[in-house]
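Biologist: I'd like to learn how to read a model like this one, feature by feature. Can we go through it together?

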Amino acid sequence: MSDLKRSWLDSANAPDTDFPLNNLPYGVFSVDDGDLRCGVAIGDRIVDATGLEAAGHLRADPEADVLDAPYWNDFMELGPTTWYAYRQVLSMMLAEGSDEHVQDIVTTFSVPMAKARLHMPFRVAEYTDFYAGRHHATNVGTMFRGPENALPPNWLHMPIGYNGRASSVVVSGTPVKRPWGQLKSPDHDVPIFAPSRRFDIELEMGAIVGVPSDGPLSVDQAFANIFGYVLLNDWSARDIQAWEYQPLGPFQAKATATTISPWIVPASALAPFRCATPEREKPLLPHLADTAPMNHDIDLSITLNGETIAQTNANELYYSAAQQLAHHATSGCPMRAGDLLGSGTISGPEKHQRGSLLELSWGGKETIDTASGPRTFIEDGDTLALHGVARGNGYRLGFGPCTGTVEPAAKDPFTS
Ligand code: MN
């Protein structure tokens, strides 16, 4: 017996669609040169949520328009009860057997996905990136500090993170220019200023905070405050990073761009895919301890110019997004609707499960053979894409691709 929720829209029932009725992810789209509008993906179409609201057919808030601006932040702030109710009503409108009059309205207020351009689905309030993948942290630590000191002593007790730049977050499809920066090879006494030679990706999940908070959060409360999830590529210049990261962590190495997938998959759509975090090597302090399965079983992969170079799963994360958010708020740090939390690179235990070129090439020492030629790090013109799919019984949920093509570095910005 399939768990696919059937729609009257045939394309939403196709076995290979990423957007069955079970998903209903949130995005922002435009057609031709028209306005940016909030939309919900279903099969091969996008429902114009802004249009349905303006015409009074489907309103999240009876008193105010919340989808008239081209981002979902105002909707997020209404909280989980509203998210649930909105999703229920939209789901009924799209379900097989719904009223013909309703089907006509939805058809009027929807466009073919193939005709639409996708934009940032939300305004990023602030961006924090964690380091919650154990195999990644172990691999990188081994390369940088040796196997004895691979995991820092704090790593098994809390999710390590750094404050990133909201301004650097871009939607899938946005080109990424190779950055310039300070590079210092171990063989030289002084650094040089040059384009990065070790430009890389990081395969991550992004969690989006929907409910603002002002003070510490329990893990359960943190989980409930998360609106949804995206795929996230934290572009990283490894040579800049290696020179700058001590003592305060990554800075310019990760400020060039962070790409996210265009559709926010609602936390509730991922409920059937919840799973436990990996076994604990050391018990967590009570305020971070697992209370329920809050990781997700999502197959993840990386393609380079269309060829798969790595495959892993979001269930490898040692700390769930809820634990990351709970830790983030321990100091009293206020959290806002639209805060984006990157998970950290997700690698599995096997070589082909590594979520960055740094790990796949073991620090540039091993060549990755691809149809586009041998690689250690990214070459100009390469298109890197992340893919994610949650596989249910008789259906699948996708995020849309998280893609970027790397353009050559600009001319030296400081000489004419
Ligand atoms: Mn990262």
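Modeller: Let's start with the metal site, keeping in mind that this is a predicted model.

Biologist: Fine. Which residues coordinate the manganese ion?

Modeller: Look for the donor atoms around the metal. Here the manganese ion is held by OD donors from Asp129 and Asp234 and by OE donors from Glu202 and Glu204, at 2.1 to 2.2 Å.

Biologist: And how are the donor residues spaced in sequence?

Modeller: The pattern reads D-x72-E-x1-E-x29-D. Asp129 sits in strand 6 and Asp234 in strand 14, so this pair ties together parts that are 105 residues apart in sequence.

Biologist: Are those two aspartates buried or exposed?

Modeller: Asp129 is buried, with a relative accessible area of 1%. Asp234 is buried too, at 0%.

Biologist: What about geometry at a metal in general: what angles are ideal for four tetrahedral donors?

Modeller: The ideal is 109.5 degrees for four tetrahedral donors, versus 90 or 180 degrees for six octahedral ones.

Biologist: On to helices. Why would you call helix 8 largely enclosed?

Modeller: Go through the helix residue by residue and check burial. Seven of the eight residues of helix 8 (321-328) are buried, so the rest of the structure largely encloses it. The buried ones are Ala321, Ala322, Gln323, Gln324, Leu325, Ala326 and His328.

Biologist: What covers the buried residues of helix 8?

Modeller: The cover includes strand 6 (127-130) and strand 14 (226-234), along with strand 7 (161-163), strand 13 (203-209), helix 6 (219-225) and strand 22 (340-342). You've met two of those already: Asp129 is in strand 6 and Asp234 in strand 14.

Biologist: How do I read a sheet? In what order do the five strands of the open sheet come?

Modeller: Walk across the sheet from neighbour to neighbour. The order is 4-3-2-1-5, with antiparallel pairing. Strand 4 (110-112) and strand 5 (116-119) are the edges, each pairing on one side only. On average, neighbouring strands are turned by 45° against each other, direction ignored.

Biologist: How many bridges join strand 1 and strand 2?

Modeller: Four, between residues 26-31 and 37-42, in the antiparallel sense. Tyr26, for example, stands opposite Val40 in strand 2. Helix 3 (80-94) lies across strand 1, strand 2 and strand 3 (45-48), at about 55° to strand 1.

Biologist: One last feature: which side chain of opposite charge is nearest to Glu359?

Modeller: Arg354, 5.4 Å away; Glu359 is buried yet has no salt bridge. Glu359 lies in helix 9 (357-360), and among the residues it touches are His135, His136, Asn139 and Arg354.

Conventions. Residues are numbered from 1 along each chain as its sequence is written. This is a predicted model: local features need pLDDT of at least 70, side-chain atom pairs count only at pLDDT 80 or more; totals for chains, interfaces and linings use all residues. Side-chain values use heavy atoms; hydrogens and water are left out. Buried means under 20% relative accessible area, exposed over 50%, partly exposed in between (1.4 Å probe, protein chains only). Helices (H or I, at least four residues) and strands (E, at least two) are DSSP runs, numbered from the N terminus. Contact means heavy atoms within 4.5 Å. Donors are N, O and S atoms within 2.8 Å of the metal (3.2 Å for Na, K and Ca); water is not among the atoms, so sites may look incomplete. Two strands pair if DSSP finds at least two bridges between them. Axes are lines fitted to C-alpha atoms, for helices over the stretch in contact, and angles run from 0 to 180 degrees between N-to-C directions. Lys and Arg count as positive and Asp and Glu as negative; His and the chain ends are not counted. A salt bridge is a side-chain nitrogen of Lys or Arg within 4 Å of a carboxyl oxygen of Asp or Glu. Lists of a residue's contacts leave out its neighbours within four places in sequence.
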